[in-house]
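Trainee: Hi, have you got a minute to go through this one with me? I'd like to start with how helices pack.
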Protein chains: 2
Amino acid sequence: MSTSSHLYPMSSGDDQHSYIHNSSYQKVAISGAEEKTRRCILEKLDLQLSSDFSTFRIADFGCSTGPNTFHVVQSIIDTVKSRHFKENNEHSLVPLEFQVFFNDHTTNDFNTLFKTQPPSSEREYFSVGVPGSFYGRVLPRNSIHIGHTSYTTHWLSKAPEHVCDKKSIAWNKNYIQCNNLLEEVTKAYKVQFIEDMDAFLDARGEELVPGGLMTIIGECLPDGVSLYETWQGFVMDTIGDCLMDMAKSGITSEEKIDVFSLPVYFPQFSELKGEIERNGSFTIELMETTSHPLEGMALTNEFITSTFRAFLTTIIEKHFGDGVVDELFDRLAKKLYKHPIDFEMRKKLVVYYIVLKRK
Amino acid sequence: MSTSSHLYPMSSGDDQHSYIHNSSYQKVAISGAEEKTRRCILEKLDLQLSSDFSTFRIADFGCSTGPNTFHVVQSIIDTVKSRHFKENNEHSLVPLEFQVFFNDHTTNDFNTLFKTQPPSSEREYFSVGVPGSFYGRVLPRNSIHIGHTSYTTHWLSKAPEHVCDKKSIAWNKNYIQCNNLLEEVTKAYKVQFIEDMDAFLDARGEELVPGGLMTIIGECLPDGVSLYETWQGFVMDTIGDCLMDMAKSGITSEEKIDVFSLPVYFPQFSELKGEIERNGSFTIELMETTSHPLEGMALTNEFITSTFRAFLTTIIEKHFGDGVVDELFDRLAKKLYKHPIDFEMRKKLVVYYIVLKRK
């Protein structure tokens, strides 16, 4: 069985466990990049925003249900407006109109996205939802001026088949993620990552206008670091341990765990950079990493538990059935309480910030 | 209290009472117009579909949850493709791409719309959802080549305030619709209709490209006919009677009925035509009426009951509370059984088909 990420959006709705209320970890990283995005739009966007430029189109690929996407979009619009204003005689302006394309899987909760967006009276853009996997085309050729995606491309289109196959040398045994402990598993994930990244860049290359910008925010491993060494990898492995404990208690089964592996892959920095260069649809205008703004402080167990819960609920429920999630994250909370994460000792994923320009 | 239609989409989801399963009455009328749309696109669409024409944009305003909208859109695409093919040397073609904007209120069930659309492998267009009332702008200037709306503009943006005000001479008393029996009520509805139609045409006038087409399908009264004389008006008045009976039984209250009047208005043919001409954003390329294709046959009570139920459930529930709808439509079914509609004697709404060209 391969596990496809197409069917596993972030937790929908707006209750206490939803992505809406548990995406502040991502938000902090995204906000930290705002000033960089602003500078890049002012310096790198290769478009003549002349006075007859009528509609500026922005897309957020993998937007989930908000609210992070609304902040990002507003910040881009503010910057484009100020540049448009500078480049044109105030009096000759046809007011620039903005159209924002919010993309995510067809199973994403677009109803909640639309209901929670800023009211039309306060919104400076026409809002549309675009259902479909961003690993294929979702928009017409040459139709987007600025594309954005954040915290999305670690989701592969599916888990590599071999890692869920007990007969394969790439079988991921009792692990539920690619933690880089098993070489054949890492290889299989890497093949899938290359295929998906290529599909992503090819599709965006067609959808963006020449000279348009694509900003990508996410997390990767520093070169030479394995995921199991990081605190995030440790939490995921601990979730795997909790599932094994639950199998021993008969709440789920080892067979189910054997054929489950998350469609998630964190490349190392150079690996990601190499892929973008090899694909060739874009020039790299900026590619840098920073530590996550919250990295310096010890995150509470409660915060960690609820962030991972929002991230994993849908896929866990789909594979292991209803009624597993509450128990699983209760157990995670207890394990983290007993064995607190040593943030000083653990290695860390880093936040990358990439600006690409369509050739 | 004024009753706004913004909050009352067609019945959502896909259960037995949903719009998805109870929109065949509309479907028959829409299908009947397909050949006309085809001819109009071939003859009237004033666009050079030259070989560098890249993206053709279509919008369905008030699309609800399908499936009718998908048929309409496919039929438009087939025709545009055949015209594009004729107008260009086959070899010089950049393949034409289609983007379809599915618009409806923010409260529309877009999740169901997206899940029930044809799968992307069979779909020849990029699909997007556009949340917002079509009585205002929902898309950028000059961005749509063909717009379409069917069975939507009888929904006003709200019921006129005076008709729900017991102190007003335009109070609609115990009626729940504008059945044209009370002159002051009809006047108040007409004012609202003119305001809304103007807003609709102004917005579409900005959104469509010059030379683009807007097709409108719906129902209106023949000149000189009042709604209470038609079988559809009779069914609605009967629903009002059922509510009054339920008030007498204490299931709802007369007070609630007193301040309830549907935000629905059926203009007479000349009234509608006059409004389009007065607005002036479009030229009328075609405007004709036909009887509804099912008009000749006696519709079953079951069909009538379920069609009106899908149309009214949301607004009835919102105003009268949960648990009223089942009882109400049971009572309607019984009343119709006791007093069957005499389709021969009753007058009828007619289906209008309008093609407008953006000046």
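Mentor: Sure, and let's begin with a term: a crossing is left-handed if the near helix is turned anticlockwise from the far one by less than a right angle, and right-handed if clockwise. Keep in mind that this is a predicted model.

Trainee: Okay, so what is the handedness of the crossing of H2(B) and H3(B)?

Mentor: H2(B) and H3(B) cross in the right-handed sense. H2 covers residues 34–44 of chain B and H3 residues 68–87, with axes that come within 9 Å and cross at roughly 35°.

Trainee: Which residues of H2(B) and H3(B) make the contact?

Mentor: From H2(B), they are Glu34(B), Thr37(B), Arg38(B), Ile41(B) and Leu42(B). H3(B) brings several, including His71(B), Ile76(B), Val80(B) and Arg83(B). Sorted by class, the contact of H2(B) with H3(B) has 4 nonpolar, 5 polar and 3 charged residues.

Trainee: Switching to the chains, what rotation superposes chain B on chain A?

Mentor: A rotation of 180°, with 0.0 Å of shift along its axis, and the RMSD is 0.0 Å. That is the relation of a two-fold axis. In chain B, Gly129(B) has the C-alpha nearest the axis, 2.4 Å from it.

Trainee: And how much area do chain B and chain A bury between them?

Mentor: About 2300 Å², with 53% of it on carbon and sulfur atoms. There, 29 residues of chain B are in contact with 29 residues of chain A.

Trainee: How many salt bridges are there between chain B and chain A?

Mentor: The count is 4 salt bridges. Arg137(A) forms a salt bridge with Glu97(B), where the closest N and O atoms are 2.9 Å apart.

How values were computed
Residues numbered from 1 in each chain as written. Chains lettered and ligands numbered in written order. Predicted model: local features only at pLDDT ≥ 70, side-chain atom pairs only at ≥ 80, totals over all residues. Heavy atoms only, no water. Axes fitted to C-alpha atoms, helices over the stretch in contact; angles between N-to-C directions. Helix = DSSP H or I, 4+ residues; strand = E, 2+ residues; numbered from the N terminus. Contact = heavy atoms within 4.5 Å. Nonpolar A, V, L, I, M, F, W, Y, C, P; charged D, E, K, R; others polar. Least-squares fit on C-alpha atoms with pLDDT ≥ 70 in both. Buried area = accessible area lost by both parts, 1.4 Å probe. Salt bridge = Lys/Arg side-chain N within 4 Å of Asp/Glu carboxyl O.
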